[in-house]
Amino acid sequence: MRVLGLISGTSHDGVDSAVVDWSLDGGVLTGTLLHLGERPYEPGLRARIVAALPPHRIDLGEVCALDTLIGLGFGEGGAGAPAADLICSHGQTLFHWVEDGRVLGTLQLGQPAWIAERTGRPVVSDVRARDVAAGGQGAPLVSYLDLLLMAGMPGRTGALNLGGIANLTVREPVVAYDTGPACALIDAAAPPYDRDGELAAAGTIDTGLLEELLAEPYYRQEPPKSTGKELFTPDYVKADLPQADLVATLTALTAETVAAEIRRHRLDTVIVSGGGARNPTLMSMLRLRASPATFVTSDELGVPADGKEAIAFSLFGWLTAHGLPATVPRCTGASGARVLGTITPGSDPLTLPEPLAEAPVAIRLSGSPAPRR
């Protein structure tokens, strides 16, 4: 079954896409990666998304407009990918409602009807809400894929994604959570991002500011926990520093908060993915602070570091279509595993495969997709 995964993450720069042809044999789910793509948001739309994120406030008219415009953007992203049997869309997170460590709601915009109209394919969407309704954090959902990827690996192993927010999945004991910012604050200080970590490499870490930032209460909360740009807004850090020094300090903040969790779990090997994995200054700081842990990129396991989340949503679509849960309660904190999302039919009558009684126990990914575009 070919499933197209679509996602825009906390960097809100565009729509990532991945088409994977999935097949299950003897408990091993094999995915052939047929396509990876990236379609940037039109600049005017990206500006409206940025203006809608906390701490800004918008009216319902703008919420309605963004739901449509993001849906249209996702539809174009889907139309530009190879044909698939099913689409699974994450949409764009506009708000993650957290009070006293408990997630009470989560809002992803990008109306799936526009995607279904543009592509003719059925669409799984609103994927996080069911886990939240079951008492979970709604994140990090990628822990399901992480645990399958780590099955059978030797030693104490974890999987780290460095997007706008950093999340860590640990295999033993099973746990997953957002550690704090990855690139969100760095990007805000050096928009659109610190290319190759050059600014951070040129700057000097302000140890006083770093100590103040490390006092953030979120870091001391016990998992399961999740966070986002509701807390780590572009205005989170106000400091009268040269830009390079500020970026160096914020890069060190990410490295230290992530490394603290790697040390906490005494990890031997960390599989790293996300845009931050391509930042050599961040990775150098992280290796130094997390020693003796060894870092490998998810590319070495057949999962391109920049495409992991889109691949994960392709997987979630496959699981939902087959009636299988796609959450790990010990990771999200939900009362039980849940089948995720709602389904919007495509142009043909909705036909789903026969439900499966047992979930896969391991995953193998292969394939050489066309270059991202």
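How many of the five residues of strand S10 (residues 269-273) are buried? Five of its five residues are buried, and the strand is thus described as mostly covered; buried means under 20% relative accessible area with a 1.4 Å probe, protein chains only.

The structure is a predicted model, in which local features need pLDDT of at least 70, side-chain atom pairs count only at pLDDT 80 or more, and totals for chains, interfaces and linings use all residues. Residues are numbered from 1 along each chain as its sequence is written, and side-chain values use heavy atoms, with hydrogens and water left out.

Helices (H or I, at least four residues) and strands (E, at least two) are DSSP runs, numbered from the N terminus. In a regular strand the side chains alternate between the two faces of the sheet. In S10, Thr269, Ile271 and Ser273 lie on one side and Val270 and Val272 on the other, all buried.

Two strands pair with S10, where pairing requires at least two DSSP bridges:

| Strand paired with S10 | Bridges | Direction | A bridge pair |
|---|---|---|---|
| S7 (residues 157-162) | five | parallel | Asn161 and Ser273 |
| S11 (residues 294-297) | four | parallel | Val296 and Ile271 |

From S10 the chain passes through helix H10 (residues 280-290) to S11, a right-handed β-α-β crossover; with the strands pointing away from the viewer, such a path from the first strand over the helix to the second runs clockwise.

How values were computed
Buried < 20%, exposed > 50% of the residue type's maximum accessible area, 1.4 Å probe, protein only.
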